[in-house]
Amino acid sequence: MTAVLGKDLVGLEYLSPDQIRLILDTAEPFKEVSERPIKKVPALRGKTIVNLFFEASTRTRISFEFAEKRLSADTVNVAASGSAVQKGETLVDTAKNLEAMRIDMVVIRHPSSGAAQFLGDRIRSNVVSAGDGKHEHPTQALLDLLTIRDTHGRIAGLKVCLVGDILHSRVARSNIWGLLKLGAEVGVCGPATLMPRGIEELGVCRFRRIEEAIEWADVLNVLRLQLERMERGFIPSLREYYRVFGVTQERLERAPRQLTIMHPGPMNRGVEIDSRVADGSHSVILAQVTNGVAVRMAALYLLAGGRPELADAAKGPAGGANE
Ligand code: CP
């Protein structure tokens with residue numbers, strides 16, 4: 001059967017609203033699997049998945065690995081350090097050699113924008129992006145969408161503002177595509193030096209002051225300042241950034257409504273977000289992490305040709321769809 005998502009998942013730009021909704025709906029029955037004493041279902045038994053992480057990651061790498069193991073797939077982890085990449089082997093040669101060992105899927109995180117698509121176009125296995133350069137981080141946006149839907153009961157009509165380093169953020173790009181496709185209003189707020197030129201053309205509204213964004217939004221998704229991607233001085237200092245754009249308790253107390261607070265992690269506490277906000281009662285930051293496993297289970301299941309209407313049965317320990 002042809003997978004309903006196509007062969008690869010490299011960005012939300014390339015998915016229809018129905019495909020995005022399908023992944024979120026398919027994640028619902030998988031949430032419960034992680035709450036069981038034995039967190040394992042047979043949905044991907046016999047499938048082999050390689051996790052190629054060429055850039056640092058905690059949440060995404062571990063979450064994909066949990067998702068794969070909970071679906072009973074066999075997994076292998078490859079990092080750039082310690083692999084033949086260090087000897088100059090190309091990405092495609094690495095992947096083709098892995099394919100020669102009869103793998104089914106590759107999950108890839110790579111510092112270069114477009115690396116996931118590049119690989120997907122050259123190998124037969126399904127390719128799932130775990131974040132490529134400044135391009136997209138599709139499963140992060142999917143877990144963000146699921147968390148917003150869980151918290152508010154809907155996505156359409158909500159006002160969601162992405163705050164901070166929009167320029168370097170693949171999370172921002174994927175969120176913008178996903179939120180707009182599902183009918184949210186999207187805002188962006190950050191220093192002019194960290195705002196891509198012409199961002200409004202994507203259909204988002206831009207706020208120059210954090211106070212205006214807080215007054216407008218139902219949800220703030222606070223982004224990490226990606227200091228490792230900044231070759232030159234984009235901001236005067238971290239202290240200055242926090243003073244002007246920091247999401248602080250004092251600023252939120254002046255908001256006309258309670259805002260849901262999100263952050264994809266890793267957080268720079270005291271730089272883009274106040275610890276009292278990150279750990280406060282309106283923060284759903286850890287719920288995002290929890291949802292990451294279910295969303296990745298859903299994406300892997302659908303890419304492998306799993307039938308959405310059987311996702312509920314597929315989570316059963318016996319008699320599952322792929323038993
Ligand atoms: N949100 C996210 O991508 O975190 P990691 O870099 O830890 O995977």
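The C-alpha centres of domain 1 and domain 2 lie 26 Å apart. The contact between these domains takes 31 residues from domain 1 and 27 residues from domain 2. The model is predicted, and the domain bounds come from an automatic or database assignment. Domain 1 is made of two segments, 12-136 and 291-311. Domain 2 covers 138-287.

Now turn to the ligand. Where does the ligand lie with respect to domain 1 and domain 2? Both domains give residues to the shell around the ligand, so the ligand lies between them. The space that the ligand takes is the largest pocket.

Next, the shell itself. One stretch around the ligand consists of Ser57, Thr58, Arg59 and Thr60. Arg109, His137 and Gln140 also surround the ligand. Pro264 and Gly265 complete the shell. By class, 6 of the shell residues are polar, 2 are charged and 1 is nonpolar. The charged pair is Arg59 and Arg109. Pro264 is the nonpolar member.

Which atoms of the shell come up to the ligand's oxygen and nitrogen atoms? Threonine 58 uses its backbone: an N or O atom there lies 2.8 Å from a ligand oxygen. Histidine 137 uses its side chain, with a polar atom 2.9 Å from an oxygen atom of the ligand. Glutamine 140 also uses its side chain, but its partner is a nitrogen atom of the ligand, 3.0 Å from a polar side-chain atom. These three distances fall within the 3.5 Å cut-off for a polar contact.

How much of the ligand's accessible area does the protein cover? On its own, the ligand has 260 Å² of accessible area, and the protein covers 92% of that.

Notes. Residues numbered from 1 in each chain as written. Predicted model: local features only at pLDDT ≥ 70, side-chain atom pairs only at ≥ 80, totals over all residues. Heavy atoms only, no water. Near = heavy atom within 4 Å. Polar contact = N/O pair within 3.5 Å; in protein donor to acceptor, adjacent residues only side chain to side chain. Areas by Shrake-Rupley, 256 points an atom, 1.4 Å probe, with all protein chains shown as cover. 1 Å grid on protein atoms, 1.4 Å probe; cavity = no way out; pocket = protein on both sides within 12 Å on 5 of 7 lines; lining within 4 Å. Sits in = over half its atoms within 2 Å of the grid points. Contact = heavy atoms within 4.5 Å.
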